[in-house]
Amino acid sequence: MSDIFPTFQTTLERIKLAVSNCGRTPGAVRLLAVSKKQPIDKIRQLHTQGQQAFGESYLQEALVKMAELSDLSIEWHFIGPIQSNKSRKIAEHFDWVQSVDSIKLLRRLSAQRPVGKPPLNILLQVNIDEEAQKRGIPAAETRVLAEQAMTFPGLKLRGLMAIPDPGNDPQGQRRSMEKMAGLFAGIQPLSEHIDTLSLGMSADIETAITAGSTMVRVGTALFGPRN
Ligand SMILES: *Cc1c(COP(=O)(O)O)cnc(C)c1O
């Protein structure tokens, strides 16, 4: 079975080794398989191997995949930029949204979450390196938005997400990740549900785990280059 998806084993090993190298508890870090621009049959194969959580960045593409894979119990995460007019479908179809960056979006997602579904799991996206073109709230606004996020009945605040500037040198990237860990520690006392720091992609799994990530979002290292 395992040679159908050798990169899955390799990625799980990378995570396990990084967790143990920095002395963290085994199982402290979850893997989100980022399947945007990847074929549906690969998602099915990876799910068969035991992977449950998948991340998508483009709504239309994700809806097609969800329909095709509706026989599987996949935990779907939305990780891309969100235009207001897309929020309803996202609230209806996803289990997690990692790219929430405004009070307006919190309000819409909560109101649009269907009655009868569990609250939508939310991560606030922080623009940790203050990049002009990148989405996310400034670090200084994290606490206030987290407090607001907890007041919405349709939502469950689970933590924070960031995409540090890949253009920074390794030391700068490490500093940004440590800053994220500090922000995360700062909001954790607000609720027992706040348990997720989504940090790290294919190239920086190890740095992110050392800094304190609890969820790495891995695309190319798992699936190969995107189409
Ligand atoms: C595409 C994407 C990833 C995965 O990146 P890889 O380098 O392919 O692992 C992770 N997080 C977000 C938000 C993404 O858009």
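**Close-ups of a ligand and two pockets**

**View 1. The ligand sits in the largest pocket.** Keep in mind that this is a predicted model. About 500 Å³ of space lies in this pocket. Its lining is made of 27 residues, and those nearest the centre are Lys-36, Ile-79, Ile-163, Met-201 and Arg-217. Two strands, β6 (155–162) and β8 (215–218), are the elements that give two or more residues to that lining. Sort the lining by class and you get twelve nonpolar, nine polar and six charged residues.

**View 2. Here's who surrounds the ligand.** Look for Val-34, Lys-36, Ser-57, Ile-79, Ile-163 and Met-201, then carry on to Ser-202, Arg-217, Val-218, Gly-219, Thr-220 and Arg-226. This shell is a mix: five nonpolar, four polar and three charged residues.

**View 3. Oxygen atoms of the ligand pair up with Lys-36, Ser-202 and Gly-219.** For Ser-202, a polar side-chain atom is 2.5 Å from a ligand oxygen. Lys-36 also uses a polar side-chain atom, at 2.6 Å from an oxygen of the ligand. With Gly-219, it's a backbone N or O atom, and the distance to a ligand oxygen is 2.8 Å. On its own the ligand has 390 Å² of accessible area, and the protein covers 88% of that.

**View 4. Now for the second largest pocket, with a volume of about 200 Å³.** α1 (6–21) and β1 (30–34) each chip in at least two lining residues, and α1 gives the largest share, with four. Among the lining residues you can find Leu-12, Pro-26, Arg-30 and Gln-51. By class, the lining splits into seven nonpolar, two polar and two charged residues.

Terms used: Residues numbered from 1 in each chain as written. Predicted model: local features only at pLDDT ≥ 70, side-chain atom pairs only at ≥ 80, totals over all residues. Heavy atoms only, no water. Near = heavy atom within 4 Å. Polar contact = N/O pair within 3.5 Å; in protein donor to acceptor, adjacent residues only side chain to side chain. Areas by Shrake-Rupley, 256 points an atom, 1.4 Å probe, with all protein chains shown as cover. 1 Å grid on protein atoms, 1.4 Å probe; cavity = no way out; pocket = protein on both sides within 12 Å on 5 of 7 lines; lining within 4 Å. Sits in = over half its atoms within 2 Å of the grid points. Nonpolar A, V, L, I, M, F, W, Y, C, P; charged D, E, K, R; others polar. Points joined across faces, edges and corners; volume = space filled by probe spheres on them.
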